[in-house]
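Take a look at this chain and then zoom in on one of its helices. Let's see what the numbers say about both.

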Amino acid sequence: MKQKIEELKGRFEAGLSAARDEAELDALRVAFLGKKGEITDLLKGMRDLTPEGKKEAGQLINTLKNEVEASITARAEALKNEALERAIREAKHYNPTLPKKTDRGSYHPITLVARRLADIFSGMGFTVEDFVEVVDDYQCFEALNIPKYHPARDMQDTYYLENGQLLKTQTSAAQNHIMKKYGAPLRAIFPGRCFRNEATDACHENTFFQMEGMMIDKDISISNLIYFMKKMLSEVFESDINVRLRPGYFPFTEPGFELDISCTICGGKGCPSCKNSGWLELCPCGMIHPNVLIAGGIDPDEYTGFAFGLGMTRLAMMKYGVKDIRDFNSGNLKALSQFESL
Amino acid sequence: MLLSMNWISDFVDLSGLDKVALIRRFSLSTAEVEDIIVKGADTYGVIVARIASVENHPNSRKLHLLKVDTGKGLVDCVCGAPNVREGMTVAFAQAGGSVCGNAIGEATVAGYKSFGMCCSEAELGISADHSGLMEITEEIPLGTDIKSVYDIDDIIFEVDNKSLTNRPDLWGHYGIAREFATLADRSLKTPPLVDTDAYNDLPAVDITIAEPMLCYRYIGIKADNIKVKVSPVNMRIRLYYCGSRAINLLADLTNYVMMELGQPMHAFDLRRADTITVRRFETPFSFKTLDGQDRAIDGNTLMICKGDTPVAVAGVMGGLESEIEDDTDSLLLESACFDGVGIRKTSTRLGLRTDASMRYEKMLDPELTLFATRRFLSLLLSIDSGARVISSLTDVYARRYETIKLTIDKAYVDRYTGIDISADQIEKTLVALGFGVVRTGDVFDVTVPSWRATKDVTIKADLIEEITRIYGYDNFAVNTTKSPLAPIRRERTNTDDDRIKDMLVASYALHEVHSYIWCDAVKYKELGIEIEKNVKVINAQTPDHATLRYSMVPTLLSFLNENRAYADSFGIFEIGRTVNGLKDDGTCDEHKRLGIALFSRTEDEETLYLRLRDIFDRIARNILHKNADFAVDSAPRYNWQHPVNTASVSIDGKCVGFFSVPHPAVGSKIDKKAAIAFGELDMEAFSRIEIATQKYVEPSKFPGIDIDLSLRMDTDGLVFGRVADTIRAEGGETLTDVYVVDVYHGEDGDSVTVRMTFQSGERTLSKAELQPTIDKIVETLAKDGYALKA
């Protein structure tokens, strides 16, 4: 029996080293460990042995069986690893550095800036309003406390239409509409396209974007306005911005202000961009004139509010370093396709 | 407007203060200062000297060799001025000195040594006169520093006129000085005036105001025996530094008083105008203003007349005829207050904006007329002691502003400012600015001074500005609001734009562009696109940019044209505004529209055309959870659309847009080898369509059955929406989807394969049990004219 076992062992080891893949290994397993396999045959052959012989042979066969099982498992593991290594060795090498031209769309830079602003203001509880481009005299002037022949109309060269309407010169033209729509309290921003009749050059466009905001509630104060503008502009410029107010005259505010921010280029030390003053004039703002509130159906004795205007086109120029304002309306994809996302 | 610190210092003592710092403070509290120019700092070493002798230069006809007496001896100087003569007292820049930054050194001029320069006024920077040497006529010891004789040293600052629009009182140095006095906490001094009551016994001037609505007040007074022709040097320097120029004494005086007090004045030659009528004329006529231009005067123009003879356009410009001339020695002085709106209209109509009209437009204080007259006379009589007033001061006060009284309390100021400004500070500020204040505890009864009461300060909030700007915005404590939280509402008109842009950029790689609201006639013509008759801008920069756009597409096509070199294939879009004529109420029919235009040299026209269909379908499904319906539009709206390949886009039965390929006449002008397609969506109509609730269908555990039908496309074309409707109507509850899987173009005709998916949530369906339904569908389709492919 011992001899048989040794001989069987020898054949198994030869078979094991010959098995080159899982299928051959499996065949080997069946040949030795299967129901009709050689080890099973050995066990069957024990019937003819003495009890001592059975015991001894049983131990030997069991040891053999365990050895064979362990060898097959180990070999199977090794074969699997070999196969993986081979797969890796033979794998095709991809080159991740090779660029492929893919079609990508782009947003107009004004859209990106407007979205950024809308995000900031939404976060502060402002609604975002849409407004028309053709307005009437009432919306653009009368309702904003600018009566006919008021010198303030001098400040803007208005495009008038044949039917007596006009292209809005300022986003403020939406103030009256929005106040009537929501009443007080109110927090809204309204980005929009504005039109001024002036010759165009690298710094001037007759068609440009502004974004106006309004906040109306009980006891809104100048102190609130300064706080709010500082917070808001720090978000816009993503740094801690200092602001200062100067008196500014707009018929629809009282008091009205010109707001300067600490120069974003030099940080306030003085540079050519800020004419060495350390300040950049950025946006007009002010407490909403009581007459404007009244025209909007809001009682100025109960409510106060502030309003401000941001030159969105100018912000976009600052943000992206666009030097020629005419690029915005040029339709030139070499310029505009660069703005893929915020 | 240019302002002189010397001039301001006539009215407020600013000694010991940093003037530049004060100007900066003024910029933060009153009006924007655009520039500060220090005058005279680069001029030094210039003295009063006398030309002792003049010899001709041997080598030059123009040059002379001078001996100049500096008071400390004679100095050689080579001089080229034409008016040089012996005995003349001049401003002599010594070697080592400087005039307006030009260093003066020892020089050799045409072979002769020169140790300085005799200066013209232009060289000294005090006028534009460079015709010859400045002659000093006063008796001044030789060697005296010129800067101690004349006010060459000054600080000039420029204020942005726009920031003074609402402040008629700041259009002269005196009003500006009041601001400085308030800011510096110093007192304001009244300038020397003449007591005109002394002339009450003299004959009055004949003044008639025929248009009291256009003329608040007219003061006239006459003077004669005026011999002095040239204004004093210091007066001329101030005029020059402040951007004016000296002409003759009388003209200079009117300018000087205007720049000092803000009151425009006019001096008529008494020989040409000795009575005044302020009136209008019914019949238009031509009038020559003193700039020599003929002006068309219409029935709205207010004129100053001597009887029926016009002598000036009121508040704008005098007439050439009655101008002060060299031999004028008597005048009729006008100090009047005209209605700002009237002056503005006239000035706009004539295209003539003058220093006077600019001031009147701001609504001047009628009280200023008397003040200015008394000031004018004081200056005239001090400069020309022989001048004589020969009439009484005649004052026709046709219309008065009402006195404005406002009551505010500290609580109101606190609420508006959000900070605590003391009652004492409030009172002090208002008083310093000239407001009458009666204070009872924390309540202030405020009388607005006449110079602020013409329109500037009318309501309580106006006083807030006065108090806060002087307090200083930099001194404000900043606080957040106490407003309660409220939900933010964002509307479809807004969110739809954003979502559509995201889809077009991310899914279709389109580029967003912006274009003008008006058509570009030149670009349209290039593409053979007719401009739709539409509302026009009446004051467009050029007639080519006058008509508003009816559709987004033509401009997008011009952009395609201009971007041909950008890529073989690209697409652009814009959400913008169009105007589609007028509505019944006469206002513009404005729409917000999405325009899309696609261009390709690698794909064919049909692919682009169908891509637009896909885009619109996806927009409808993504945003509305609805299907868009498409149909061939056999009568396209625009001549640039293809007569056959144009489709309408409908959702819920409402037409919301179209897509199309270009009319061959237009397409070929852009690129003969490229395919082009475009479309438009009415964003407002789209955003009005209700969003369907997204329904959840429990996924079935049972397999579905796909059944395909191949349908012949007749020449009339197959409207898939109608086929789908029929199938859905007949398909029963288990029909879950209908879509096109294949389109076949063959010699035996075209066909389209439609796939129907049937599925039950309860069991596996068999083909056999569906057969009657399929038969019914086929039968109904056949009735509609859609036969199965053989």
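Before we start, a quick bit of vocabulary: a residue is called buried if 20 or more other C-beta atoms lie within 10 Å of its own, and exposed if 12 or fewer do. Keep in mind, too, that this is a predicted model.

Let's begin with helix H17(B), and with its outward-looking members: Glu606(B) and Asp614(B) are exposed. On the other side of H17(B) from these two, you'll find the buried residues Leu608(B), Tyr609(B), Leu612(B), Ile615(B), Phe616(B), Ile619(B) and Ala620(B). Why do we say those buried residues share a side of H17(B)? Because they cover an arc of only 125° around the axis. Here's the general idea: an α-helix has 3.6 residues a turn, so residues three or four places apart point the same way.

What covers the buried residues of H17(B)? The cover includes these elements of chain B:

| Element | Residues |
|---|---|
| Helix H14 | 492-508 |
| Strand S29 | 588-600 |
| Strand S31 | 641-651 |
| Strand S32 | 654-662 |
| Strand S33 | 675-682 |

As for its length, H17(B) runs over residues 605-624 and spans 28 Å from first C-alpha to last, close to the 28 Å expected. Just past the end of H17(B), His625(B) has a positive phi of about 55°.

Now zoom out. Chain B contains 21 helices and 36 strands. Its radius of gyration is 41 Å, well over the 28 Å the globule rule gives for 790 residues, so chain B is more spread out than a compact globule. Still, 43% of its residues are buried.

Definitions and conventions:
Residues numbered from 1 in each chain as written. Chains lettered and ligands numbered in written order. Predicted model: local features only at pLDDT ≥ 70, side-chain atom pairs only at ≥ 80, totals over all residues. Helix = DSSP H or I, 4+ residues; strand = E, 2+ residues; numbered from the N terminus. Rg over C-alpha atoms; globule rule 2.2 N^0.38 Å. Expected span 1.5 Å × (residues − 1). Arc of directions from axis to C-beta. Contact = placed C-beta atoms within 7 Å.
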